[in-house]
Amino acid sequence: MNTMERITVTLTPEMAQQVRGAVEAGEYASSSEIVREALRDWRHKRALREQALSDLRAKVQEGMDEIEAGRVRDFDAERVIRQGKARIQDLATGPAGSTVSPGGT
């Protein structure tokens, strides 16, 4: 059988009223039940946060590995702009250099 330990929790008057209201409405059998559910939710949220942090660390390491392997080059905004303009020009001229009108003909 699980043993329970009794502790005292201090709540704001608004929180205490919400707890009492939930018990009085029959949503929970006791205020302890509410606190236990809140703690389960808190643990779940922490586990999700830890997993997200672990995933982020893995992505950072992946990036660091890419840098170390020499597969990353400096960001060149001007190069990106030139490539974008060339793509727009290619789209505007269409296949085999034919000009595409705004109406599509």
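The protein has 3 helices and 0 strands, where helices (H or I, at least four residues) and strands (E, at least two) are DSSP runs numbered from the N terminus, and from that terminus on the elements run α-α-α. This is a predicted model, in which local features need pLDDT of at least 70 and side-chain atom pairs count only at pLDDT 80 or more, while totals for chains, interfaces and linings use all residues. Residues are numbered from 1 along each chain as its sequence is written, and side-chain values use heavy atoms, with hydrogens and water left out.

Confidence is given as pLDDT, the predictor's confidence in each residue, from 0 to 100. The protein averages a pLDDT of 91, and 89% of the residues score at least 70; the mean is highest in α1, at 98, and lowest in α3, at 93. Where pLDDT is low, the predicted coordinates should not be read in detail.

**Helices and their ends**

Helix α2 (residues 31-68) has 38 residues and reaches 55 Å from its first C-alpha to its last, close to the 56 Å expected at 1.5 Å a residue, the expected span being 1.5 Å times one less than the number of residues. For helix α3 (residues 77-93), the 17 residues should span 24 Å at that rise, and the end C-alpha atoms are 24 Å apart, which agrees. Just after α2, Gly70 takes a positive phi of about 80°, and α3 is followed by Gly94, whose phi is positive, near 70°. At the N-terminal end of α3, Asp76 acts as a cap, with a side-chain oxygen 3.2 Å from the backbone nitrogen of Glu78; a polar contact is a pair of N or O atoms within 3.5 Å, where within protein one must be able to donate a hydrogen and the other to accept it, and residues adjacent in sequence count only if both atoms are side-chain atoms.

**Surface and exposure**

Of the 105 residues of the protein, 5% count as buried, a class defined as under 20% relative accessible area, with exposed over 50% and partly exposed in between (1.4 Å probe, protein chains only). The protein exposes about 9800 Å², of which carbon and sulfur atoms supply 56%.

| Residue | Relative accessible area | Class |
|---|---|---|
| Leu56 | 52% | exposed |
| Val9 | 49% | partly exposed |
| Glu66 | 28% | partly exposed |
| Arg71 | 55% | exposed |

Leu56, which is found in α2, belongs to a nonpolar surface patch with Leu53, Val60, Met64, Ile67 and Val72, and together these residues have about 530 Å² of accessible area. Val9 lies in the segment before α1 (13-24), and its C-alpha atom is separated by 9.2 Å from that of Val35, 26 residues apart along the chain.

The structure holds 1 salt bridge, meaning a side-chain nitrogen of Lys or Arg within 4 Å of a carboxyl oxygen of Asp or Glu. Glu66 forms this salt bridge with Arg71, the closest N and O atoms being 2.9 Å apart.

Technical notes
Patches are made of residues with over 30% relative accessible area and no salt bridge: like charges are joined within 9 Å, nonpolar side chains (Val, Leu, Ile, Met, Phe, Trp, Tyr) within 5 Å. Accessible areas come from the Shrake-Rupley method with a 1.4 Å probe; for residues, only the protein chains shown count as cover.
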